[in-house]
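Biologist: Could you take me on a close look at one part of this model, the sheet and the helices that pack on it? I would love to hear how the pieces fit together.

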Amino acid sequence: MASGAAGGGRFPFPYAPYPIQERFMAALYGALDAGRVGIFESPTGTGKSLSLICGALSWLRDFEEKKQQEEAQLLALEDRRQEGEKEMTSAAPGGPETKDSAGEPDWITAFVQKKEERDLVDRLKEEQIRRKKREDRLEKIRHNVQLKYAAKRKRSEEDETKRLLQLSKEVLSEGAGVDVVEQLDHNEEELILAEYESDEEKKVISGLEDDDDDLEEEHVTKIYYCSRTHSQLSQFVHEVQKSPFGKDTRLVSLGSRQNLCVNEEVRRLGALQLINDRCMEMQKNKHERKSDGENEGKKRRVSRTVCPFYSYEQMQFLRDEVLVEVKDIEQLVALGRETKACPYYGSRYAIPAAQLVVLPYQMLLHEPTRTAAGIKLKDQIVIIDEAHNLIDTITCIHSAEVSGSQLCCAHSQLLQYMERYRKRLKAKNLMYIKQILYLLERFVAVLGGDVNQNPSCQAVSQTGTVLKSINDFLFQSQIDNINLFKIQRYCEKSLISRKLFGFVERYGSPATAVKTNKGSQKLAGLQNFLLTLQQGSDKEASMAQSPPMEAENHQLRTASPLMQIEGFLSALTNANQDGRVILNRQGTIGQSSLKFLLLNPAVHFAKVVEECRAVIIAGGTMQPVADFREQLLSCAGVDPARIVEFSCGHVIPPENILPIILCRGPSNQQLEFTYQTRDLPQMMDETGRILCNVCNVVPGGVVCFFPSYEYEKQVYTHWEKTGLLTRLATKKKIFQEPKKANQVEQVLVEYAKCIKRCSQAEGQMTGALLLSVVGGKMSEGINFSDDLGRCVIMVGMPYPNIKSPELQEKMTWLDKTMPRDAGQAPSRGLIENLCMKAVNQSIGRAIRHQKDFASILLLDHRYARPATFNKLPHWIRERTQVKPTFGSAFAELRKFHRGKADAL
């Protein structure tokens, strides 16, 4: 790794770091060294990613050096001890045996005392040999271009041989009169469930050939870095590449099969669950081939598909290539295609030897996914970036929802599947299928419907939302006597949802002609019934979902509802006190739904903080941090003494930002946007007058955030009627944030173009006004740097909908389980914190680098309350002015922007 002093001294850095970056790295180094749980805040634009990289990798470099020095000392001591023993043995060859007080000979006592030391020394020696072997191997690849392409060439030759063999077979089989119908029937074998042994653990196939034991390695001390999106992870990897550590850090990027699969046949399935199941099935086929070969004489078996990219030799080559040079997901996929090796499994084989593992949130925070990926957290470092929504993320990952349509559709599909293959299925399979059918029947009954009738045609007698504890829901559904853990395991191991999807693909699609063999007539009814179900649920899904999903994904979801239901069954295995089941009864059974809501995210985070050496939760805006301390860390059993907080200021000079809390408007109307007052015409008029004044003095782009899409639409319509919109449009072209995610990019491009055009033209139009929504597409992850955001306006306080049943349940749970804070109920604190988190995310969009400047207007006198004011980020709070009148605020705003224009 890169050399240079760390800890107390300077950190290797690509340029001279800002003082706040040095402080950040020193605090991070200290937290990792002391094994703390740290909450680190560094505003966007302060080079947080580089500070994390250089601080954490400096610690890892020093830790590895120290460890190797200690190992070398220990091994040297052992060598000296062995030399001494040899000399003593040769000096006294026939001496009498002495005994200790317990009557044991001295050599036995010494043996027992030294056994642990010897074991440790043996382990260290093995580690050294492994490390040396790995370093030599990677060094060879690094410097030998011939070796680099040898594996690729060998694979190409194998492919060519296979192709020629296939051509020969086709030539030979011509004119042999193969029965096409019979061949298709053989393919149907793949839809039948294999024999299932539920109560005994089968020997787990490691996926390694006997001579390939070097794919399995000890896990070295490493850093797991996770963020929300693949684009954020790719950005982080590029920062690593540019850093002083980029050349000699063993980094591996992990992703889902959806992102990493290079088998086009599997990729085409689209939905993640389908890709996962198909991949697992292909692996299973690979391992079953040997046993099939043994039985060939007894019974002719169908040839099962295996993945051509799942080759140990190629994956071993890919693993080494990944460790030699830092690569992001795109580069990893390109390498997989080039070398004909699976990037998904190849990257996993690289985990043990990697020093830095880059992965998405859910892969680290969801234990089954973590285990499946081969991630071992014991004594490792975890850094969770962009963690301002960590509590919500953990809650979402472990929550699940199923609609009445999906339940009825899954029941119908599974029933027809069982009827079709009843004679071919073993008793255990039939037993589990019947249990799943019963569960589906009971779930629909609890919503007030009949599973055997079309869900779109069944009206719900009592609409509304009911919340139940898990146990109450199980009792009411009359399924408390069913072992859900066993059902969950069966679904996972038998791949039933994949088989069912294949069956529906074959018989449930109108495009698929049913084969004209004897049993096929029975299936014609299934086709029609599934088609009506699918059309019904398609209609409902498009009504219920916003924005509507793409048609292709839509079909995949409705074609495999059992996959969604498996997630719900899994959620029901949570502890009774940690979650609730929401029965949402709407107009029809099809529109109704069952949702599992996780109330205590700490139960799933506890294992991470228990196992890891240190955990760092980092973000640009972590205020208010009380939620992390109380809801996540305290509930996860973290000792308060282990928690460390660090917050740094911004790199911009104080004169480059002007935050103002505005208490009154131009006509002296008090600004208080509560649910009761915000709809008043005078409040909407006052907001419009403020915007008109602001647009007169602020150049470039103005971004105005509203609490919701509905309120933004209401205000926009009101301004249209009063003519205020026309007045605004003389100074700024007006853009509205679209609700559909796929339209956001287009609006932003037009917005940026307009601002650029206006700055060059120097006419009456000075830029653009973007009406946006808190918590929408533009309040997170989008930068309004420089002219794109010279002023950010926040209309009112975006409190969450307090009438939401989910939020009410969470508030009740908090009040029962958390202590009061300074006389305030925990539920009240939650509402305040959710509001201020959303505000902080939105207003942080404007300042993105050291030379940037912007003004921030908070339109509501309630922001000046001390409890609310203190929840603003420190770097904004210390520069904020509270203005009781509009005149003084406007004068300050004009002076700020004129001063900046003159300086430019």
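Modeller: Happy to; what follows is a walk through the sheet, strand by strand. Please keep in mind that this is a predicted model. The sheet is open and parallel, with 7 strands in the order S14-S15-S13-S16-S17-S12-S18. At its edges stand S14 (732-736) and S18 (881-883); each has a single partner strand, so one side of each is left without a neighbour in the sheet. On average, neighbouring strands are turned by 20 degrees against each other, direction ignored.

Let's begin at the S14 end. S14 pairs with S15 in the parallel sense through 5 bridges, and Gln-736 stands opposite Leu-771 of S15. To get from S14 to S15 the chain passes through H29, making a right-handed β-α-β crossover. That helix, residues 741-761, lies across S13 (700-706), S14 and S15 (767-773), and runs at about 155 degrees to S15. S15 itself is mostly covered, with 7 of its 7 residues buried. S15 is also joined to S13, in parallel, by 7 bridges; here Leu-771 turns up again, as the bridge partner of Cys-704.

Now to another pair in the sheet. S12 (residues 657-662) and S17 (residues 854-859) run parallel and share 6 bridges, with Leu-662 partnered by Leu-859 in S17. Helix H31 (residues 826-843) also packs on the sheet, where it touches S13, S16 (791-795) and S17. The direction of H31 makes about 160 degrees with that of S16.

Notes. Residues numbered from 1 in each chain as written. Predicted model: local features only at pLDDT ≥ 70, side-chain atom pairs only at ≥ 80, totals over all residues. Heavy atoms only, no water. Pairing = 2+ DSSP bridges. Helix = DSSP H or I, 4+ residues; strand = E, 2+ residues; numbered from the N terminus. Axes fitted to C-alpha atoms, helices over the stretch in contact; angles between N-to-C directions. Contact = heavy atoms within 4.5 Å. Buried < 20%, exposed > 50% of the residue type's maximum accessible area, 1.4 Å probe, protein only. Right-handed = clockwise from strand over helix to strand, strands pointing away.
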